[in-house]
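Happy to go through this one with you, question by question. Have a look at the sequence and the fold first, and then we can ask what lies behind each label.

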Amino acid sequence: MQTPRTRPPTFLEARGLRQQARTAGLHPDYWYAVEHSHALRRGQVQEVRFWGRSFALYRGQDGVVRALENRCAHRRLKLSHGEVQGCNLTCIYHGWTYAPDGTVISFAHELFGKPMPTFRIGSFPVRERYGLIWLFPGDPAVSATRGIPDIPELEGPRRWACVPISLRLRCHHSMLIENICDFTHAYLHRKTRPFIDAKLTRYEAQPERVVVEYDTLVGAGPIARLFVDRKRVRTDHMVLAYEYPYQWSNTGDRIKSWCFVLPEDESHCRAFFLFYFDALKIPFTSVPIPQWLLTYVLKVANRVLIGPILAEDAFAVEAEQEGWELHHDAPAAELNPAMVEFQQLTVRRWQEYLEAASRRSMVKAQVQP
Ligand code: FES
Ligand SMILES: [Fe+2]
């Protein structure tokens, strides 16, 4: 096995756009999908991570999900080792119990004659939507004004069928976002063929997003083409966007997707995909798949169609991460002009976050001499 000559740079050491993009974090003042709703039952607790920070995510016996800083105020054990009691979380070691706001409300041992002490750790806003649990790791005051993306197709009685699918990846989040939106990698999918003959027709950078459009044949693979109803959907053009910090795609307003990336640290991320369709037909017929059957069909599609394509992408981005760790000093080579815009957006938002954080800490230092 090759060993790198030096460790990869940090963001502040990075030289050039590519190195900066591969070391930038994602701005914490957004809602991040951290887990599937079904994966956290009442009374369960688990650890989730955002850019090196750890959170204890738990579902109370009332069904509500909450998140606390994953550090007992006492001896700093992870609270995710603990136990859910009602709506509270109890540390496994000495049994200090935390309320949802992070306050210690009881102790499973004597207080040595002292009055009830006051200890508190951080608590973070949590919501559930689209079958996912969302955490706001940034400034809680911003969470009320910053929304989870609205997906009208997934709301209401006539919502489109959707079965979320997720990946755990050993790669930097920017590698995944670029992978999804850069259709020059059709070669990787030459057997599954989710898109072929792609030509970039437009790209546009806006303050918080980059939109790219391709003329391409979508869903040309051996299984997909049986299910896609080409009479109802235009499958020769696709619009995709890096909607910071998320990603979406739209094929003919009938085949859509979102990808929500959770940057766990510099070399690990999770990706939660929502694919939703309004133009699927029963194979070998032109009969639309009835609504009641769609969820089942999508579960099968996740396994036989989408899963194998994503597995190819997962292999490629994890191999890219290995390449980055070994050859981070090698010159960057890029042909797709839209990818430069992606990297600029990632870097700019991270710089804005770091600048704001350093201003905040300077103000704090002035207030607390
Ligand atoms: S370490 Fe958590 S209660 Fe002591
Ligand atoms: Fe791909």
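Q: Where is the place of Ala-161?
A: In this predicted model, Ala-161 lies in the loop between α2 (140-143) and β12 (165-169).

Q: Why is Ala-161 called buried rather than exposed?
A: Its relative accessible area is 7%. Buried means under 20%, so Ala-161 at 7% counts as buried.

Q: Which residues is Ala-161 in contact with, leaving aside its neighbours within four places in sequence?
A: Ala-161 is in contact with Phe-275, Tyr-276, Phe-277, Gln-291, Leu-294, Thr-295 and Leu-298. For a sense of distance, Ala-161 and Leu-310 are 20 Å apart from C-alpha to C-alpha, with their positions 149 residues apart in sequence.

Q: What makes the side chains of β12 an alternating set?
A: Ile-165, Leu-167 and Leu-169 point to one face and are buried. Ser-166 and Arg-168 point to the other face and are not buried. This is what one looks for, because side chains in a regular strand alternate between the two faces of the sheet.

Q: How do you know that β12 and β18 pair, and in which sense?
A: Pairing needs at least two bridges, and β12 has five bridges with strand β18 (residues 268-277), so the two count as paired. The sense is antiparallel. One of the partners to look up is Cys-269 in β18, which is bridged to Leu-169.

Q: What makes strand β1 (residues 32-36) mostly covered?
A: Five of its five residues are buried. Val-34 is found in this strand, and its relative accessible area is 1%. With the cut-off for buried at under 20%, Val-34 therefore counts as buried.

Q: What does Val-34 touch, not counting residues up to four places away in sequence?
A: Val-34 touches Val-48, Leu-57, Ile-133, Leu-135, Leu-262, Arg-270 and Phe-272. Take Ile-133 from that list: Val-34 and Ile-133 are 99 residues apart in sequence, yet 5.8 Å apart in space, C-alpha to C-alpha.

Q: How do you know that β1 and β11 are paired?
A: Four bridges join them, and they run antiparallel. At least two bridges are needed, so four are enough for a pair. His-36 has Leu-132 in β11 as its bridge partner.

Q: Which strand do four bridges join to strand β10 (residues 126-129)?
A: That is strand β11 (residues 132-135), and the two run antiparallel. Glu-128 stands opposite Ile-133 in β11. The hairpin of β10 and β11 has two residues between the strands, and Tyr-130 takes a positive phi near 60 degrees there.

Q: Why is Arg-193 called partly exposed?
A: Arg-193 has 31% relative accessibility. Buried would need under 20% and exposed over 50%, so 31% falls in between and Arg-193 is partly exposed. Arg-193 is found in the loop between α3 and β13 (195-205), and although it is not a glycine, it has a positive phi of about 50 degrees.

Q: Why is Asp-197 called exposed?
A: Its relative accessible area is 60%. The cut-off for exposed is over 50%, so Asp-197 passes it. Asp-197 is in strand β13, and its phi is near 50 degrees, a positive value in a residue other than glycine.

Q: What makes helix α3 (residues 173-181) mostly covered?
A: Nine of its nine residues are buried, including His-173, Glu-178 and Cys-181.

Q: What joins Tyr-244 and Pro-245?
A: A cis peptide bond, with omega at about 0 degrees. Pro-245 is in the loop between β15 (237-243) and β16 (246-251).

Q: Why does the radius of gyration of the chain agree with that of a compact globule?
A: For 369 residues the globule value is near 21 Å, and the chain has 23 Å, so the two agree. The C-alpha trace spans about 75 × 50 × 45 Å along its principal axes.

Q: How many helices and strands does the secondary structure of the chain come to?
A: Six helices and 18 strands. Buried residues make up 49% of the 369 residues.

Note on methods:
Residues are numbered from 1 along each chain as its sequence is written. Chains are lettered from A and ligands numbered from 1 in the order in which they are written. This is a predicted model: local features need pLDDT of at least 70, side-chain atom pairs count only at pLDDT 80 or more; totals for chains, interfaces and linings use all residues. Side-chain values use heavy atoms; hydrogens and water are left out. The radius of gyration is taken over C-alpha atoms; the globule rule is 2.2 Å times the number of residues to the power 0.38. Buried means under 20% relative accessible area, exposed over 50%, partly exposed in between (1.4 Å probe, protein chains only). Contact means heavy atoms within 4.5 Å.
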